[in-house]
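Visitor: I have a structure to learn from today. Could you take me through it, one question at a time?

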Amino acid sequence: MKKKLILILSLMLLFCLSACSTEDEKNFEYDKSTMIDMTKSIVTTYKDMSGSRADYLLSDGENYEKTAIAGFQQAQTTDKVGSFVGFDTSEDAVTFENGTKGKVLCSIIVKFKERDVRFSVSYSENKLFKARYDEEYSSMEYYASMYGYESPDDFVQKEEALSAYGYRTDSAEHFITDLLMMSQTEPVLPYTPLECEVSTVYSKSELLVNGAKNMGVGMGVVFIVLIFIACIIYLLRFVPKLLGKEAKKPKPAAVKVPTAPKADQNKEAAPSATPAMAAAPVPNVEQGEEVTDGELIAVITAALHAYLSENASAGSEIAHPPAYTASNDKLVVRSIRRVS
């Protein structure tokens, strides 16, 4: 039991240590104040740039110059941020975070008259600066020992002659950094700016309103497209008529009218029809001709009546045959209907 408890505690401690090391780990070592000053310098240089100089940098300048100029121009034309006021010096206004491929992203809040802007710059480590810094720091150590100072920091802080240069004298690191960055012959930056991003800061209420507007526009476009598609589907039924290819309705099948059986030529001819048949004339329907329901019923009734009358009166002379004669096979027609 004790072994299991010790194992669980060891794993928990390992996870906690790994999480802390991941959180504090940086892509490269950097000085926050120096990076902030570099970011402010970029803002001051490119926030109001226009004319031929801006056109030249937008076409042939570095990537961070192009993105900075284009971002501030868009903020002025689209978001109407107004004139420059200053920088936000609060702790929440400045953030540092690791980027991809060993980069560090520094973001600051820039205050304009109408609306604030968050300006972010992606930096990478400048290895040339690091080499030059090591050289200058070695020289600083030599001069500090020569003038009797304990360390380069003590030399920078107490040597009055160094304050005349206008560099920071709170530490040897800041002094050397300013010395390399502001060199008149060959300035070297500690971090290389790669890309800039200018984003306007909106309040939560403004974000909600803009989101509702975008959602309404999106839903409206979707419904309009659906209605348009429904109209197209409805109009497709008229295409055959417009093209003159309307489908023809199928004609009803032709009905062959049965003919009465012929009497034997040797026997005496019997009357072909009774007075009742004469009273109801049979319609003249040729074979293969289309007939209506009434005509078809009349033809079938006449044919049956003639056939039954012939069988009943064969071999006898009937002057006045009855309207109805019973058949030998007791066939009775009660109704006639079409079989579809």
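Guide: Start with one term: a contact means heavy atoms within 4.5 Å. Keep in mind that this is a predicted model.

Visitor: Take contacts in the chain with a separation of 6 or more. What percentage comes from residues 24 or more positions apart?
Guide: Contacts with a separation of 6 or more are the ones counted here. Residues 24 or more positions apart supply a share of 61%.

Visitor: How many helices and strands are there in the chain?
Guide: Helices and strands here are DSSP runs. The chain has five strands, and its helices number eleven.

Visitor: Which element gives the largest share of the largest nonpolar core?
Guide: That core holds 30 residues. Elements giving two or more residues to this core are α2 (32-46), α3 (51-60), α4 (63-77), β3 (104-112), β4 (117-125) and β5 (191-200). The largest share is six residues, and it comes from α2.

Visitor: Which residues does M35 touch, leaving out those up to four places away in sequence?
Guide: M35 is among the core members that touch the most other members, along with I42, Y46, F119 and Y123. Leaving out residues up to four places away in sequence, M35 touches F28, Y30, F96, V104, C106, Y123 and Y191.

Visitor: Is C106 buried or exposed?
Guide: Buried means under 20% relative accessible area. C106 has 0% relative accessibility, so C106 is buried.

Visitor: And what about C231: buried, partly exposed or exposed?
Guide: Partly exposed lies between the 20% and 50% limits. C231 has a relative accessible area of 40%, so C231 is partly exposed.

Visitor: How many disulfides does the count come to?
Guide: A disulfide needs two cysteine sulfur atoms within 2.5 Å. By this rule the count is zero.

Visitor: Y147 and F155 form an aromatic pair; is it stacked or edge-to-face?
Guide: The whole structure has 18 aromatic pairs. In the pair of Y147 and F155, the centres are 6.0 Å apart and the planes are 20 degrees apart. Planes under 30 degrees apart count as stacked, so the pair of Y147 and F155 is stacked.

Visitor: Which of Y147 and F155 is buried?
Guide: Y147 has a relative accessible area of 52%, so Y147 is exposed. At 5% relative accessibility, the buried one is F155.

Visitor: Over which ring does the charged end of K26 sit?
Guide: One aromatic cluster is made of F28, Y30, F96, Y123 and Y191. The charged end of K26 lies 4.7 Å from the centre of one ring, that of Y30.

Key:
Residues are numbered from 1 along each chain as its sequence is written. This is a predicted model: local features need pLDDT of at least 70, side-chain atom pairs count only at pLDDT 80 or more; totals for chains, interfaces and linings use all residues. Side-chain values use heavy atoms; hydrogens and water are left out. Buried means under 20% relative accessible area, exposed over 50%, partly exposed in between (1.4 Å probe, protein chains only). Rings of Phe, Tyr and Trp (its six-membered ring) pair if their centres lie within 6.5 Å; planes under 30 degrees apart count as stacked, over 60 as edge-to-face and the rest as tilted. A charge sits over a ring if NZ of Lys or CZ of Arg is within 6 Å of the ring centre and within 35 degrees of the ring normal. Helices (H or I, at least four residues) and strands (E, at least two) are DSSP runs, numbered from the N terminus. A nonpolar core is a set of buried Ala, Val, Leu, Ile, Met, Phe, Trp, Tyr and Cys residues joined through side-chain atoms within 4.5 Å.
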